[in-house]
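Okay, thanks for making the time, everyone. I'd like to walk you through one structure this morning, so have a look at the screen.

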Amino acid sequence: MGILSILLWTPAAGVLLLALTPGRNIQLIRYIANLFTTIAFLLVCWLLSIYNAQDANLQFNEYFPLNPKLGSAYALGIDGLSMPMLVMATLLTSIALLASFTVSSSVKGYHICILLLEFGMLGVFLAQDWALFYIFWEVTLIPLFFLIGRWGGQRRHTASLNFVLYTMGGSVFMLISLLAVSQYDLEHGGSLMSSMHQAAQDMPRIEQVLVLLGFVIGFGVKMPIFPLHGWLPLAHVEAPSPVSILLSGILLKMGAYGLIRAVVMLPEAAKLLQPFLIFLGLFGMLYGGLLAWRQSDLKAMVAYSSISHMGIVLLGIATLNEAGITGAVLQMTAHGLIAGALFLLVGLLYERTHTRNIQDYSSLIQVMPRFAVFMTLTLLAAMGLPGSVGFIAELHTLIGGFRSSTSVGLGLGVMAFFSVSVLIGAAYAIRTISLLFTGPVKPHNCKDAGGRAMQGAIAEMRQIEDLRAPELLAAGILVAGIVFFGLLPASLLDLSAATISQMNSLISQRIL
């Protein structure tokens, strides 16, 4: 068994062991779950240390035919696009479990679902066969449905149902597109992603466009792209905070990851749809930013900001040039760190006060200085402040967007919308910092988990407990990543540079 298979099946082994563990032994369940997620993270760190960033080809390949007649195979491999996503997936899963010690009901089922979700996410980023990719894509739906529907907020059932219906609807379009390409791919023997590039060249131009539209819908639901984002705000608000960390930090990136693969496979269709995709990216940035600015619910604000940030990813992909795609990949990593930190900190604040209304807070810096430092740094990174990883990603996307807008005849004026969206991001970030950490200390009514006032309980903001040691560790890792890669981005850029350069060459050969 290769190293990638060991990594992939580590969470599954944890699920099997948890299934055999008595449900009443809560401490043992937490220990087992954290042990297996830590092992997966350490395996990825080892992979990262031996990964050759200068080699653009797939590394650590594993191939085992499953159905030669259909061309399906158990094929695993990693490149510069999947490597950072594997690191993010294992890191954020470990952090999500660190933030899960407040989960007190059905602890065994909760941890089984988290490990099963990690298994599906790793499979998506490791799979080098479209059939295998699709299977793992669908595997992630099952645990997420239960995590939101069983451990979520008041409207958890609606949120979980919306999520599944939206995602399954998008999966139908993705499956149709995969089947359409596979009909040509069978002539080349096998359905590895690499062989499908050749198969796509044999397709008529109109079929390529239709297939890419199917991929845009399928992957766009998960990213999400406007107007396929309807499930996201409710799912984020109702999901437990550790699940929101994974949902925003990794699950959204699965859609972007798949779309990049599809665009590289069908560059001629992408070129024809380029103005449309650029428009969707810019509109999503403005739309998500404006809605985030209007929110009084902290989790809803972060959820809508995710739409804006993923619009940057779509814009970077749509540029079809090396700078833009580099910006998209960087933004995937940046948003994973930033959104993960925001949902972690907002969730920890909610556990202490049972309110997410930003108007209920003020002057938290006096009683929660550690929380204030981490939250402020993360919000500044969300607005793209120089010195943060968000700035590096947005800068590359902006450069790629300027080049692309000129080449497709849209004019540089279109990219002014990019600047406006950045200003809107700055507006809601600074507004949040101001309301949370400045002004007089307010007394407020304590509320229970359902949002109802608790009789006779009046809490002063000065009595809120600051971050504890495990919470400091989780938040510190994410914020350290945000600052480190913002000040020293070379290691992050070099990790994906060779693969992105190869992708850009494939795109350029087909569209020039």
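Let's start with P275, which sits in helix α13, residues 274-294. One thing to keep in mind is that this is a predicted model. So, is P275 buried, exposed or partly exposed? With a relative accessible area of 34%, P275 is partly exposed. If you look across from P275, you'll find A318: C-alpha to C-alpha the two are 8.1 Å apart in space, while 43 residues separate them in sequence.

Now slide over to helix α14, which runs over residues 298-318. G311 lies in that helix, and G311 counts as buried, because its relative accessibility is 5%. What does G311 touch once you leave out residues up to four places away in sequence? The answer is G281 and M285. There's also G288, 23 residues from G311 along the chain, and the C-alpha atoms of that pair are separated by 8.3 Å.

Next up is S248. Helix α11, residues 241-265, is where you'll find S248. Its relative accessible area is 0%, so S248 is buried. And S248 has a nice list of contacts: leaving aside residues up to four places away in sequence, S248 touches H236, K253, S306, H335, A339 and F343.

Okay, let me zoom out for a second. The protein chain has 20 helices and four strands. Of the 512 residues in the protein chain, 61% are buried. If you take contacts between residues at least 6 apart in sequence, 78% of them join residues at least 24 apart. As for the surface, the protein chain exposes about 18,800 Å², with carbon and sulfur atoms supplying 67% of that.

Right, helix packing. Take α1, residues 3-19, and α4, residues 107-126: their axes come within 9 Å and cross at roughly 165°. That angle is over 145 degrees, which means α1 is roughly antiparallel to α4. What's the handedness of the crossing of α1 and α4? Left-handed. On the α1 side the contact includes L4, L7, L8 and W9, and on the α4 side the residues include K108, H111, I112 and L115. By class, the residues of the α1 contact with α4 come out as 15 nonpolar, three polar and two charged.

α4 has another partner, and that's helix α3, residues 82-98. Here α3 and α4 pack at an angle of about 175°, with their axes 9 Å apart. So α3 is roughly antiparallel to α4. The α3 residues making this contact are S82, M85, L86, A89, T90, T93 and L97. From α4 you get H111, I114, E118, M121, L122, F125 and L126. The class split for α3 with α4 is nine nonpolar, four polar and one charged.

Then we have α5, residues 130-139, and α6, residues 141-151. How are α5 and α6 oriented to each other? Their packing angle is about 10°, and their axes are 5 Å apart. So these two are roughly parallel to each other. The contact is made by W137, E138 and V139 of α5 with L141, I142 and P143 of α6. The residues of that α5 and α6 contact divide into five nonpolar, no polar and one charged.

Last bit: backbone geometry. As a reminder, most residues other than glycine have a negative phi, and most peptide bonds are trans. Where should you look for cis bonds in this model? One is the peptide bond from M223 to P224, with omega near 0°. Another is the bond from F226 to P227, which is cis with omega near 5°. P224 lies in the loop between α9 (205-222) and α10 (232-238), and P227 lies in the loop between α9 and α10 too.

For positive phi in a residue other than glycine, check H354, where phi is near 55°. H354 lies in the loop between α15 (322-353) and α16 (369-382), and at 27% relative accessibility H354 counts as partly exposed. S363 is another residue other than glycine with a positive phi, near 50°. S363 is found in the loop between α15 and α16. Is S363 buried or exposed? Buried, at 3% relative accessibility.

That's it from me. Shout if you'd like to go back to any of these views.

Definitions and conventions. Residues are numbered from 1 along each chain as its sequence is written. This is a predicted model: local features need pLDDT of at least 70, side-chain atom pairs count only at pLDDT 80 or more; totals for chains, interfaces and linings use all residues. Side-chain values use heavy atoms; hydrogens and water are left out. Axes are lines fitted to C-alpha atoms, for helices over the stretch in contact, and angles run from 0 to 180 degrees between N-to-C directions. Angles under 35 degrees count as roughly parallel, over 145 as roughly antiparallel, 65 to 115 as roughly perpendicular and the rest as oblique. A crossing is left-handed if the near helix is turned anticlockwise from the far one by less than a right angle, and right-handed if clockwise. Contact means heavy atoms within 4.5 Å. Ala, Val, Leu, Ile, Met, Phe, Trp, Tyr, Cys and Pro count as nonpolar, Asp, Glu, Lys and Arg as charged, and the others, Gly among them, as polar. Buried means under 20% relative accessible area, exposed over 50%, partly exposed in between (1.4 Å probe, protein chains only). Accessible areas come from the Shrake-Rupley method with a 1.4 Å probe; for residues, only the protein chains shown count as cover.
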